[in-house]
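Work through the exercises below with the sequence and the model open beside you, and try each task before you read its solution.

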Protein chains: 2
Amino acid sequence: MKIVIIGAGNLATHLALALQNAGEEIIQIFSRTEISAKELADKIKADFTTDFNNIYSEAELYIYAVSDSALTDLIKNNIAPEAIHIHTAGSVPMQIFESVKSKFGVVYPLQTFSKNKEINFRDVPVFIEASSPEIQKNLFKLASEISDHVFEVNSQSRLQLHIAAVFACNFVNFLYGVSKDILNQSELPFEVLIPLICETADKINYLSPEEAQTGPAKRNDMQVMDKHLLMLENQPELKELYRNLSQMIFKKYLHQS
Amino acid sequence: MKIVIIGAGNLATHLALALQNAGEEIIQIFSRTEISAKELADKIKADFTTDFNNIYSEAELYIYAVSDSALTDLIKNNIAPEAIHIHTAGSVPMQIFESVKSKFGVVYPLQTFSKNKEINFRDVPVFIEASSPEIQKNLFKLASEISDHVFEVNSQSRLQLHIAAVFACNFVNFLYGVSKDILNQSELPFEVLIPLICETADKINYLSPEEAQTGPAKRNDMQVMDKHLLMLENQPELKELYRNLSQMIFKKYLHQS
């Protein structure tokens, strides 16, 4: 299938590489940022453009891997009205295409992508939605070429997936950063926390989050929590976060201990 | 070395197994809860007791792996005044032993332990502190038998390590649970999040938390965040948590994008 990719960010990059490895023909990359467009185009040996009017019209599939705010504008084009147009966003309903395209859908890979971190796309769950059973079949086939875990979900469920991902990934990574900052105050290297971080994630392969929970808040160990809050005295935001999360954990396990 | 372990919880269990594998002789387990004491004693083929007055006095090392609140009472004993007494708590200063023991210290393994999840203790960072250079040497030798990563830290730094661990592990695992609950509302299986959870942790081996951060809060993508907050309308605590964490992430990356 001839494909044009609109976007050259983290997701566009990993998706383009996975599709090319699967034998798909990516003919062009579009990005307003020339350095990003060129970088990705070079990687996959495709053409690139920064001018929306120069997007090729002969592709069969246009993949929009851009921010939600850019998406609304970018899909209002007249390129290839007979082609399939899909976006890759967790929180944008498929219906965004309804008034501007005739064949459309969504391919949402549930993963955190950074350009400088390789990933095995076959393990990435991919959630698809389409404007017709025929397109659904096309997208299922395409997604199955790059992933072993393809699911059909509607826009509402995809939004829930995205919210869950924000908690399980974006917020989690922020907490890694908080822990790093706390160690820095004692001039302790962040590396000593890596086994703990990896084990906390790995446990989820064997135990439910409820079974895996440990720590002072679960035990309602006020002695420990008070010491920790005292140490966070000069960082009111962190102190508040510590208090709120501990409170939520305590309430969750109140009737279990 | 002849060892008595006071406690039979998650940490006591993993520590006892690791020490036994390293060739140490654990002669007895004490726990007030008979079922736990017996379970661990059976595992390592040691004796057990639930009566504090029956703790053997011939051991050279007494390891207190109990909750912080139990610790204060338990160390006020007259058992084996010439032996080394150590605790394993992140947030309890070594000085807790000062008025009741002559040889003492701390061995703090920085990891999350659940009884039903195996672990490679050699990868666990272990932080030690001792009442004298001689005890320090003993504890370093002992810790090195079970772990490849032994560090000497004072009580203040150990407290910081514990706080960092609460953020990087206990709070992180709680967020896994939040994401599970959100998926349940759409009858989506939690399993679809596991690749994301594992990749988020794995990234930390290659990128700093700052480099690894992704998501709407980092991009200050209000469109997405507003949709998420709307979906969380009926869960005010989660909504507040979402808002606070997003705000903190946004502020952190304000001058970077």
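**Exercise 1. Place a pair of neighbouring strands in the sheet of chain A.**

Begin with strand β2 (residues 25-30) of chain A, which pairs with β3(A) in the parallel sense over three bridges; two strands count as paired if DSSP finds at least two bridges between them. Within this pair, A:Gln28 stands opposite A:Asp47 in β3(A). Helices (H or I, at least four residues) and strands (E, at least two) are DSSP runs, numbered from the N terminus.

Next, widen the view to the open sheet, in which eight strands of chain A follow the order β3-β2-β1-β4-β5-β6-β7-β8 with mixed pairing. Because β3 (47-49) and β8 (149-152) of chain A stand at the edges, each with a single partner strand, one side of each is left without a neighbour in the sheet. From one strand to the next, the twist averages 25°.

Before going on, note that this is a predicted model, in which local features need pLDDT of at least 70 and side-chain atom pairs count only at pLDDT 80 or more, while totals for chains, interfaces and linings use all residues. Residues are numbered from 1 along each chain as its sequence is written, chains are lettered from A and ligands numbered from 1 in the order in which they are written, and side-chain values use heavy atoms, with hydrogens and water left out.

**Exercise 2. Describe the setting of A:His162.**

First, locate the residue: A:His162 lies in helix α5 of chain A. Helix α5 (residues 155-185) lies across β5 (84-87), β6 (103-109) and β7 (125-130) of chain A, and runs at about 25° to β6(A). Such angles run from 0 to 180 degrees between N-to-C directions, with axes fitted as lines to C-alpha atoms, for helices over the stretch in contact.

Second, decide whether A:His162 is buried or exposed. Its relative accessible area is 12%, so A:His162 is buried, where buried means under 20%, exposed over 50%, and partly exposed in between (1.4 Å probe, protein chains only).

Third, list the partners, taking contact to mean heavy atoms within 4.5 Å. Leaving aside neighbours within four places in sequence, A:His162 is in contact with A:Gly90, A:Ser91, A:Tyr108, B:Pro216, B:Val224 and B:His228. The C-alpha atoms of A:His162 and A:Tyr108, 54 residues apart along the chain, are separated by 9.5 Å.

**Exercise 3. Summarise chain A as a whole.**

Count the elements to find ten helices and eight strands in chain A. Then consider burial: buried residues make up 58% of the 257 residues in chain A.
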